[in-house]
Amino acid sequence: MKLPRNFYKPLAIGAPAPPRELPVRLERMIHFVPPHNEKVRAKVGDMIAQVDVVLGNLEDAVPADAKLAARAGFIGMAKAHAFGATGLWTRVNALNSPWVLDDITEIVAAVGDRLDVIMLPKVEGPWDIHYLDQLLAQLEARHNVKKPILIHAILETAEGVDNVATIATASPRMHGISLGPADLAASRAMKTTRVGGGHPDYVVLADAKADAPRASYQQDLWHYTIAKMVDACAAAGTKPFYGPFGDFSDAAACEAQFRNAFLMGCAGAWTLHPSQIAIAKKVFSPDPAEVAFAQKILAAMPDGSGAVMIDGKMQDDATWKQAKVVVDLAKMVAAKDPDMAARYGL
């Protein structure tokens, strides 16, 4: 066991100290960009103001013969733009791939001071985080990177889900964890080819009533895993995220999946197509009516103690904490989005 006083020490001489608190940033959508695609890469400048995070994807969906072009494209993209309050992330290739070592070493050498987060796919346990943690410290020291690069893990295997609590606490660099439903479905031998969302055959039946047709209700395949991930992240002080929703033609189902994740505690979701940006922005920004009611609770209980009746509902210290979560998020949204600031009255 690493002692607390050593947990926050740099893992290499000359590396920056690991963070004791995560940066407070709005991350409603992590927008994936294929850096090997020159046409898409050319749109990044306009995209920066529209999203909370721009992620250069080097892993899945990048053909093997385009891996080097994707890496070079990401480095060029990172150098070409000022990202300001918008996060700059990359998803490197998996640790068992032939590309990952060069992904990490070349990117940190070239743009380490610009990079906020490395997303690591197919994390199986804390050992994967420990490896990347040590390597990043060595590279930061070597290239004089001044701020620590954070790590974001993807849950894509049954073993990873089983070890999620130890993954969340593996390093002070841990930013958060995302659900990767497609690879996880394969790992579990789930009988679905969908990327996220429900399945029409995963249902419960209403009770039988004589000969009347029995109603059926579709269930969420990912409820258990999202809840386990959210608990692990909340306990560790990191952020949980819903991952991809693969059916770009079904905006309603995408919104429903994102909203389920938001209500359960996720901070954001991946957006793989420009049409999903507005959905994530809508879902992961609290509803103005909810914000107004939360503000009433905070105003009626300034110190968060006691109990009051508001609009016929009892509010106490527990609902005060819930209200503070909503209002704090609304303030972050308002700081970035003037239209939402006006709707919130902030």
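Lys 239 touches Leu 22, Pro 23, Arg 25, Glu 27, His 152, His 175, Gly 176, Ile 177, Cys 233 and Ala 267, leaving out residues up to four places away in sequence. Contact here means heavy atoms within 4.5 Å. The model is predicted: local features need pLDDT of at least 70, side-chain atom pairs count only at pLDDT 80 or more, and totals for chains, interfaces and linings use all residues. Residues are numbered from 1 along each chain as its sequence is written, and side-chain values use heavy atoms, with hydrogens and water left out.

**Strand S9 and its partners**

Lys 239 lies in strand S9. Helices (H or I, at least four residues) and strands (E, at least two) are DSSP runs, numbered from the N terminus. Lys 239 has a relative accessible area of 18%, so it is buried. Buried means under 20% relative accessible area, exposed over 50%, and partly exposed in between, with a 1.4 Å probe and protein chains only. Between the C-alpha atoms of Lys 239 and Ala 267 there are 6.4 Å, while 28 residues separate the two along the chain.

Strand S9 covers residues 239–242; Lys 239 and Phe 241 point one way, Pro 240 and Tyr 242 point the other way, and all are buried. Two strands pair if DSSP finds at least two bridges between them. Strand S6 (residues 174–179) runs parallel to S9 and is joined to it by three bridges. One bridge links Gly 176 with Lys 239 of S9. Strand S10 (residues 268–271) also pairs with S9 in the parallel sense, over two bridges. Here Tyr 242 has Ala 269 of S10 as its bridge partner.

**The chain as a whole**

The chain has 15 helices and 12 strands. Its radius of gyration is 21 Å, close to the 20 Å that the globule rule gives for 346 residues, so the chain is as compact as a globular protein of that length. The radius is taken over C-alpha atoms, and the rule is 2.2 Å times the number of residues to the power 0.38. The C-alpha trace spans about 65 × 55 × 45 Å along its principal axes.

Of the 346 residues, 47% are buried. Among contacts with a separation of 6 or more, 70% are between residues 24 or more positions apart. The chain has 36 positive and 38 negative charges, and their mean positions are 4 Å apart. Lys and Arg count as positive and Asp and Glu as negative, without His and the chain ends; the place of a charge is NZ of Lys, CZ of Arg, CG of Asp or CD of Glu.

**Met 47**

Helix H3 (residues 44–47) contains Met 47. Met 47 is buried, with a relative accessible area of 10%. Apart from neighbours within four places in sequence, Met 47 is in contact with His 31 and Val 33.

**Two residues with positive phi**

Most residues other than glycine have a negative phi. Two loop residues with a positive phi are set out below.

| Residue | Phi | Loop | Relative accessible area |
|---|---|---|---|
| Asn 144 | about 60° | between helix H6 (126–142) and strand S5 (150–155) | 45%, partly exposed |
| Asp 311 | near 55° | between strand S11 (308–310) and strand S12 (313–315) | 54%, exposed |
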